[in-house]
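User: Could you take a close look at one part of this model with me, and then place that part in the wider fold? I would enjoy a connected walk-through.

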Amino acid sequence: MELEQIEARLDSPLPQERLKAIADLKDYAPEEVVPLLKRRMYDQEFLIRSFVAMGLGFQRTEEGFRLLVQLLEHDHDPNVRAQAANALAKYGERSLPHLLNIFDQDSHWLVRQSILAAMEGIECPDLLIQFCYLGIEGENLEVQLAAIGWLGQLQGTTQHEEALDLLLFLATARGWEIRAQVARVLRRFTEPEATAALLELRHDSDYRVVGATLEGLLTE
């Protein structure tokens, strides 16, 4: 389809036509696509704004980077902000300070979960430990569990000791879900204190925590 036709469909009153037009932009150069995506950044339909964010992640330009930061900072829908976080992470390590700032300021669980998921494959332990602290200090259990899980990725890095200390502290947390997740992650650490903490958790008052200490043994 010609670019002029796609442009016209981007202004259609029908949301499905605007969505199709955004999808049809995939075969064009980023320099042509990003200005067109920008036109729909403030579309009344959150799904279209989400598709715009997705497109800006694949069609990477300097302007696209700035537009994604704007979406993350100002869009009122957490679904859009979550998609923008995923897209911004595609820009690599340069996106991390922005994502950390949003993670600190945006308490919505979906946005935070999306940011943590986007960290996969990015090796920057000094920043990752900050994400973990912020996630664990938050109020959403799923985010807390995900952040604890990421502590395991810090094993063998410059933040190894910091991660282990945090896990040992959380091993006595009140919630059984937290203790169970700590048990799963501690198995990646070989220090005597990690082994001792696992032994304590193996005698935890909650059977689900005990089960978590045994999960890995069943596959070894």
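Which residues of helix 13 (residues 192-201) are buried?

Analyst: Happy to. Please keep in mind throughout that this is a predicted model.

The buried residues of helix 13 are A194, A197, L198 and L201. Looking down the axis of helix 13, these buried residues fall within an arc of 100 degrees, so they line one face of the helix. On the face turned away from that buried side sit the exposed residues P192 and E200. As for what the buried face meets, its residues pack against three other helices: helix 11 (160-170), helix 12 (176-186) and helix 14 (207-214).

A194 makes a good example of that buried face. This alanine belongs to helix 13 and has a relative accessible area of 0%. Because that value is under the 20% cut-off, A194 counts as buried. Leaving aside residues up to four places away in sequence, A194 touches L164, L168, L186 and F189. Two of those partners can be placed by their numbers: L164 falls in the range of helix 11, and L186 in that of helix 12. A backbone distance to set beside these contacts is that between the C-alpha atoms of A194 and A171, which are separated by 9.8 Å although the two residues are 23 apart along the chain.

Now for the wider fold. The chain has 14 helices and 0 strands, so helix 13 sits in a pattern that reads α from start to finish along the sequence. The C-alpha trace spans about 65 × 35 × 30 Å along its principal axes. Of the 220 residues in the chain, 49% are buried. Among contacts with a separation of 6 or more, residues 24 or more positions apart account for 59%.

Just past this region, the segment after helix 14 holds E215. With a relative accessible area of 38%, E215 is partly exposed. From E215 to L10 there are 205 residues in sequence, and their C-alpha atoms lie 51 Å apart in space.

Elsewhere in the chain, S50 offers a polar example to set beside A194. S50 is located in helix 4 (residues 46-58) and is buried, with a relative accessible area of 8%. Its contacts, again not counting residues up to four places away in sequence, are N79, V80 and Q83.

Helix 4 also brings us to the largest pocket, which holds about 160 Å³ of space. The residues lining this pocket are I22, A23, L25, K26, V33, L37, F51, M54, G55, F58 and Q59. Helix 2 (15-24), helix 3 (30-38) and helix 4 are the elements that each give two or more residues to the lining, and the largest share, 4 residues, comes from helix 4. By class, the pocket lining has 8 nonpolar, 2 polar and 1 charged residues. K26 is the charged one, because lysine is in the charged class.

There is also enclosed space to consider. The model has 1 cavity of 30 Å³ or more, with a volume of about 40 Å³. Its lining consists of L96, M119, I122, C124, L127, L128 and F131. Here helix 9 (residues 125-137) gives the largest share, 3 residues. By class, the cavity lining has 7 nonpolar residues, no polar ones and no charged ones.

One of those lining residues, C124, leads to the cysteines. The model contains 0 disulfides. C124 is in none, and the nearest cysteine sulfur, that of C132, is 12 Å away. Why can these two not be bonded here? A disulfide needs the two sulfur atoms within 2.5 Å, so a separation of 12 Å is too far for a bond. The two cysteines can also be told apart by exposure: C124 is partly exposed, with a relative accessible area of 22%, whereas C132 is buried, at 0%.

To come back to your helix: its buried residues line one face, that face packs against helix 11, helix 12 and helix 14, and P192 and E200 are exposed on the face turned away.

Definitions and conventions. Residues are numbered from 1 along each chain as its sequence is written. This is a predicted model: local features need pLDDT of at least 70, side-chain atom pairs count only at pLDDT 80 or more; totals for chains, interfaces and linings use all residues. Side-chain values use heavy atoms; hydrogens and water are left out. Buried means under 20% relative accessible area, exposed over 50%, partly exposed in between (1.4 Å probe, protein chains only). Contact means heavy atoms within 4.5 Å. The arc is that of the directions from the helix axis to the C-beta atoms. On a 1 Å grid over the protein atoms alone, a cavity is a set of points where a 1.4 Å probe fits but cannot get out, and a pocket is an open set with protein on both sides within 12 Å along at least five of seven lines; lining residues have an atom within 4 Å of a point. Grid points are joined across faces, edges and corners, and a volume is the space filled by probe spheres set on the points.
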